[in-house]
Amino acid sequence: DHLVKRGVVEHKMGARRATVHRERLISISSRELLTVDITNRDKPVVVESLQLSWAADRVHLAGNYVIEVDAYGSEGPALRVVEANDPSAVRSFLQLRNLPYMGSTDHGGKLYVLQGRGVEYVYPKEYNPTNYNPIATNPAVFLLSTFDLAALPQLQLSSTTTKSGSENYFYGQYQPVMVKPDVLVWANKSSGYWWWGRGPIDIMPMVGVAEARLAPTDSAGIFAPWPWWGGGAGHFIAVDLSGAAPSFASELKLTSTNGWWNFSDSFTSNGLLYTSHQASEFDPTFDPPPYVYTCRWEGTNSFNCTNDPPPGTWVTRYYLDVIDYSDPREPLVRKPVNIPGSLIGLHRNGEVLYTQGADFRNYWYSNDETIAASSYDGVNAHLIATLVLNQSWPRPVL
């Protein structure tokens with residue numbers, strides 16, 4: 001007439017089905033199949049486990065083997081080596097330190113894995129309503145592990161190096177960029193961006209410029225929207241590979257109080273790293289033209305009104321960022337250069353830039369998206385040609 005909870009069988013993922021066979025419990029989840037001895041119902045014992053599936057968030061091909069990165073495992077990130085012609089044949093497994101996975105790359109017979117976390121605040125265990133400040137702070141930390149691929153299928157750890165970070169927080173995976181044969185840069189483009197304010201707004205862009213201003217309204221108390229940005233974008237970590245073991249060379253953050261956002265992928269040529277960002281700026285000299293719109297109807301007759309916005313508006317612009325890693329310990333950042341879209345590629349050793357951005361005409365958004373080619377002389381960018389993409393979505397770009 002009643003139920004009593006007794007023994008518990010745990011899975012790494014939620015159990016989906018179970019059945020009893022003699023004195024065995026057979027339980028299956030999306031990850032594993034277990035057989036459990038339930039002779040003692042209060043203390044069930046797992047007799048055997050068979051892994052059915054696993055995550056491969058990133059893969060690296062190394063000869064006859066594939067190294068799979070399980071980036072978000074419940075026990076931390078892990079590496080798994082499988083056969084290239086039979087991914088179900090697992091040859092070795094390695095559990096990494098329980099730090100968030102940031103990125104990995106293979107180069108010169110080595111596998112480099114970057115892990116790290118932002119600043120961690122530790123608060124008192126008991127709540128104090130008058131003073132509940134953190135009693136300890138763990139600084140941001142980076143961990144770079146190097147594995148010798150000559151030992152495959154075994155994962156042989158050859159070196160580790162750590163570094164305290166200056167970044168308070170970061171998230172997302174980092175893109176590995178081999179700027180030079182002995183300089184590896186990890187680039188983060190993650191970011192967030194929102195407008196906030198009261199009242200409706202119009203988004204009114206131009207080529208390389210997007211404006212936001214108040215829509216026609218008689219409401220009182222409405223103010224122009226103000227941009228808010230956030231995230232770990234524009235963060236670059238350089239690693240020197242020239243020594244006996246890799247070492248952290250520098251850490252660079254392009255965003256601080258300038259409000260840059262929407263960083264692109266990073267590209268490299270001749271020891272330079274190329275990326276791009278958008279910036280929100282208030283331009284007091286920009287004078288949008290007046291526009292006419294239908295404001296009321298009387299019977300079958302329509303009446304037009306003219307809206308002449310005042311000078312000055314928030315605009316967003318695209319900028320090219322170039323970082324010189326001739327000395328990875330002291331990277332040199334060039335002055336940003338205005339370009340007509342987000343950077344999507346390089347040509348001719350960085351002398352030609354390819355960008356992708358919204359196409360705007362006569363102060364109004366045209367619904368088109370454009371690929372542009374621009375020449376770059378190290379100081380300025382000059383438009384060469386544009387190509388309007390097909391209207392249908394999605395719009396693939398090679």
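**Asp 377 and a four-stranded sheet**

Biologist: Which backbone nitrogen does the side chain of Asp 377 reach, and at what distance?

Modeller: The Asp 377 side chain makes a polar contact here (N or O atoms within 3.5 Å, one able to donate a hydrogen and the other to accept it; residues adjacent in sequence count only if both atoms are side-chain atoms). This is a predicted model, where local features need pLDDT of at least 70, side-chain atom pairs count only at pLDDT 80 or more, and totals for chains, interfaces and linings use all residues. Residues are numbered from 1 along each chain as its sequence is written, and side-chain values use heavy atoms, leaving out hydrogens and water. The nitrogen belongs to Val 379, at 2.8 Å.

Biologist: Which side chain does that of Asp 377 join in a polar contact of 3.4 Å?

Modeller: Asp 377 sits in the loop between β33 (364-376) and β34 (381-388); strands are DSSP runs (E, at least two residues), numbered from the N terminus. The partner at 3.4 Å is the side chain of His 382.

Biologist: What is the order of the four strands in the open sheet?

Modeller: Strands pair if DSSP finds at least two bridges between them, and the pairing here is antiparallel. The order is β15-β16-β21-β22.

Biologist: Why is one side of β15 and of β22 left without a neighbour in the sheet?

Modeller: β15 (175-180) and β22 (247-253) stand at the edges. One side of each is free of a sheet neighbour because each has a single partner strand.

Biologist: In β21, which residue is the bridge partner of Val 183?

Modeller: β16 (183-188) and β21 (235-240) run antiparallel, joined by six bridges. Val 183 has as its partner Asp 240.
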